[in-house]
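Student: Hi! I have a model open and would like to talk it through with you. Could you bring it up?

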Amino acid sequence: MKARVHVMLKDGVLDPQGEAVRAALGHMGFSGVEAVRQGKVIELDLAATDTAAAEAEVKAMCEKLLANTVIEKYTVEIA
Amino acid sequence: MKAAVITFPGSNCDRDLFDAFAKAGDEVVKVWHKETELPAGIDVIGIPGGFSFGDYLRCGAIASRSPIGQAVVDFAQRGGYVLGVCNGFQVLTEMGLLPGALMRNAGLKFISKPVALTVTTTDSAFTSGYDKGQEILIPIAHAEGNYQIDAEGLKQLQGEDRVAFRYVENPNGATDDIAGVLSANRRVLGMMPHPERVVEPAQGGTDGAALFRALSSVMAAA
């Protein structure tokens, strides 16, 4: 079973890297990019076979390590 | 006083921190990150600067969950003293021992230069050797030193006099110019500037020495 975790900065937390990417896109002639937010995708291969249990486990991983919930939010997809 | 300096893979200020404690007259031991227990009789733990675990995932994130990490958290929760400098500050926020988070500098660049700080509070074992409002010159060297905390957390820090140092000129976008913060029991200090890099004239400055001396004398008195 595979899990995919998306980690993004929470709304309202300034993202200097996303802002730099937005500015670069503007310099390159891509007009109309009003905002860029940069995050991460983490893919996990799991031995688990039960979807609900796997999701709960991955959420625990997010809370304890994969995301810093002071500044980041996350979503978990199980496939 | 007996100090322990933790070394993670990628720590690069551990020798300097060791020397700064030793120069203040402390007995110092080095502790490798794979240890699960601290040596007996430790009074203070130093978490050094550097790039622990290559800054993978987030700065300080992996180090904070390393085997010695839990021992550091337990030590702090028992009322032990902990000093985290630069990457060490990032580790302490990741451990949840200090509030807030260190984010990418607002200007995106790594900044390495001496900066002027104001000593905001003298009410801690770390800062009692300075005068309140005193300006000191301590080097910074970081790309992720932009201290961020929500409005409520900031209010609490300010209300409890837990901002230890502020930048005179904010180099990295940190909220409220914050360069260092104390825990609620005032025994855990995290700061981005490097006091261990200015403890003797040969290093180009001595403004960091008072921090280690004060810590040592408070311990000796206790």
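Student: Let's start with α1(B): which residues are buried there?
Tutor: In α1(B), a helix taken as a DSSP run (H or I, at least four residues; strands are E, at least two; both are numbered from the N terminus), the buried residues are Asp14(B), Leu17(B), Ala20(B) and Phe21(B). Buried means under 20% relative accessible area, exposed over 50%, and partly exposed in between (1.4 Å probe, protein chains only). A word on the source: this is a predicted model, where local features need pLDDT of at least 70, side-chain atom pairs count only at pLDDT 80 or more, and totals for chains, interfaces and linings use all residues. Residues are numbered from 1 along each chain as its sequence is written, chains are lettered from A and ligands numbered from 1 in the order in which they are written, and side-chain values use heavy atoms, with hydrogens and water left out.

Student: Where do those buried residues sit around the helix axis?
Tutor: They fall within an arc of 125° seen down the axis of α1(B), so they line one face of the helix. The arc is that of the directions from the helix axis to the C-beta atoms.

Student: And what covers them?
Tutor: The cover includes β1, β2 (27-32), β3 (44-47), β4 (81-85) and α6 (209-221) of chain B. On the face turned away from the buried side, α1(B) carries the exposed residues Arg15(B) and Lys23(B).

Student: Switching to Ser11(B): is it buried or exposed?
Tutor: Ser11(B) is buried, at a relative accessible area of 13%. You'll find Ser11(B) in the loop between β1 (2-7) and α1 (14-23) of chain B.

Student: What does it touch?
Tutor: Leaving aside neighbours within four places in sequence, Ser11(B) is in contact (heavy atoms within 4.5 Å) with Ile6(B), Pro48(B), Gly49(B), Gly50(B), Phe51(B) and Ser52(B). A polar atom of the Ser11(B) side chain also lies 2.9 Å from the backbone nitrogen of Phe8(B).

Student: Now the interface. How many residues of chain B are in contact with chain A?
Tutor: 13 residues of chain B are in contact with 16 residues of chain A. Leu57(B), Arg58(B) and Met103(B) supply 43% of the area that chain B buries against chain A, more than any other three residues. Buried area is the accessible area (1.4 Å probe) that two parts lose on being put together, summed over both.

Student: Which side chains form the salt bridge there?
Tutor: Glu72(A) and Arg58(B), at 3.7 Å, N to O. The rule asks for a side-chain nitrogen of Lys or Arg within 4 Å of a carboxyl oxygen of Asp or Glu.

Note on methods: A polar contact is a pair of N or O atoms within 3.5 Å; within protein, one must be able to donate a hydrogen and the other to accept it, and residues adjacent in sequence count only if both atoms are side-chain atoms.
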